[in-house]
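Morning, everyone. I'll take a few minutes on one structure, starting with the strands and ending with the ligand. Please have a look at it first.

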Amino acid sequence: MLDYDKEADAYDASRGGEPRARAAADAVLGLIPAHTGRLLDLACGTGIVTRRLASARPGLRVTGADLTYGMARMAAARLPGAIVLADSRRLPFADGTFDAVTSVWLLHLLDDAQDVRGVVAECARVLRPGGVYVTTVDKAAAHDVGSDIDEVLAGRPRRAARDAAVLVEEYAAQCGLLPAGPARFLGHGQGRSPRRTAADLGRGWFTMLPPGDPLTERFAAHLAALPDQDRPRADPVFSLRSFRKPAG
Ligand SMILES: C[S@@+](CC[C@H](N)C(=O)[O-])C[C@H]1O[C@@H](n2cnc3c(N)ncnc32)[C@H](O)[C@@H]1O
């Protein structure tokens, strides 16, 4: 996983800023029932999405939680008193506390299937009966938009997708959560340019290609040979899934 303490300052600008946050929050809210009261936003990061969830509806009381101090500190500046430092694998909340739990861009970061299963189980535990869990799935696959950059990177070693929809649906079912619908949002500003992709390679963004590795250098050289070095290719479209905890 990236060092999010180091990412924090540049995070919002490099992840599509407010347009991406608006698209993500709108799509998440579309899956959250109108009467929802308490919502927990896991891996809230800098709070750029969380703040939009919190201001969307008068009745929505939002808590954000994140593992990384640097990210949570920025979220706390946006939502004073509403942010906790917490590991999603062991949530510091009682059973049935929330009407909704959300996790945008968390599950793909987790180390192994056990962790993803554990997070989904924690979400199910802290949801009240009738509550809803909304999460992104298939994050890495969304970045493949069929561009010349994707062609160059096609042969790279890939980490198994921890957040594959089929797996998340399986873990959710094991916790008694029922499928409640999909949604999608546009990753504004997330389209890759060759130069930016090479820079991301160099700082370990693609975790299976360590910076300095000869294979990394080879991919960087191929990227450097592509035209329009600073022209972003198409923005990715990210997927959400929602699940409902049966009432009673
Ligand atoms: C890609 S950011 C997403 C932030 C935010 N949801 C957004 O859409 O802008 C991932 C966040 O997950 C947090 N994170 C990673 N592992 C975590 C865990 N086990 N529990 C809670 N947060 C975690 C990181 O600190 C980081 O802030």
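Which residue in S4 does leucine 40 stand opposite? It is valine 101. Keep in mind that this is a predicted model.

Leucine 40 sits in strand S1, which covers residues 38–42. Four of the five residues in S1 are buried, so to speak of it as mostly covered is fair. S1 pairs with strand S4, residues 98–103, in the parallel sense, and there are four bridges between them. S1 also pairs with strand S2, residues 61–66, again in the parallel sense, this time over five bridges. One of the bridge partners there is arginine 61 in S2, which goes with arginine 38. To get from S1 to S2 the chain passes through helix H3, residues 50–56, and this β-α-β crossover is right-handed.

Back to Val101, since it turns up again in the core. The largest nonpolar core has 53 residues, and those touching the most other members are Ala24, Val28, Val101 and Tyr133. Helix H2, residues 17–29, gives the most to this core, seven residues. Another core lies apart from it, with nine residues, including Val152, Leu153, Leu201 and Leu223.

As for Tyr133, leaving out residues up to four places away in sequence, its contacts are Val101, Cys123, Ala124, Leu127, Leu177, Ser242 and Phe243.

Last, the ligand. There are 20 residues around the ligand, and Ala43, Gly45, Leu67, Thr68 and Ser88 come nearest. By type, the shell has 13 nonpolar residues, three polar and four charged.

Conventions. Residues are numbered from 1 along each chain as its sequence is written. This is a predicted model: local features need pLDDT of at least 70, side-chain atom pairs count only at pLDDT 80 or more; totals for chains, interfaces and linings use all residues. A nonpolar core is a set of buried Ala, Val, Leu, Ile, Met, Phe, Trp, Tyr and Cys residues joined through C-beta atoms within 7 Å. A residue is buried if 20 or more other C-beta atoms lie within 10 Å of its own, exposed if 12 or fewer, and partly exposed in between; C-beta atoms are placed from the backbone. Helices (H or I, at least four residues) and strands (E, at least two) are DSSP runs, numbered from the N terminus. Two residues are in contact if their C-beta atoms, placed from the backbone, lie within 7 Å. A residue is near a molecule or strand if its C-beta atom, placed from the backbone, lies within 6 Å of it. Ala, Val, Leu, Ile, Met, Phe, Trp, Tyr, Cys and Pro count as nonpolar, Asp, Glu, Lys and Arg as charged, and the others, Gly among them, as polar. Two strands pair if DSSP finds at least two bridges between them. A crossover is right-handed if, with the strands pointing away from the viewer, the path from the first strand over the helix to the second runs clockwise.
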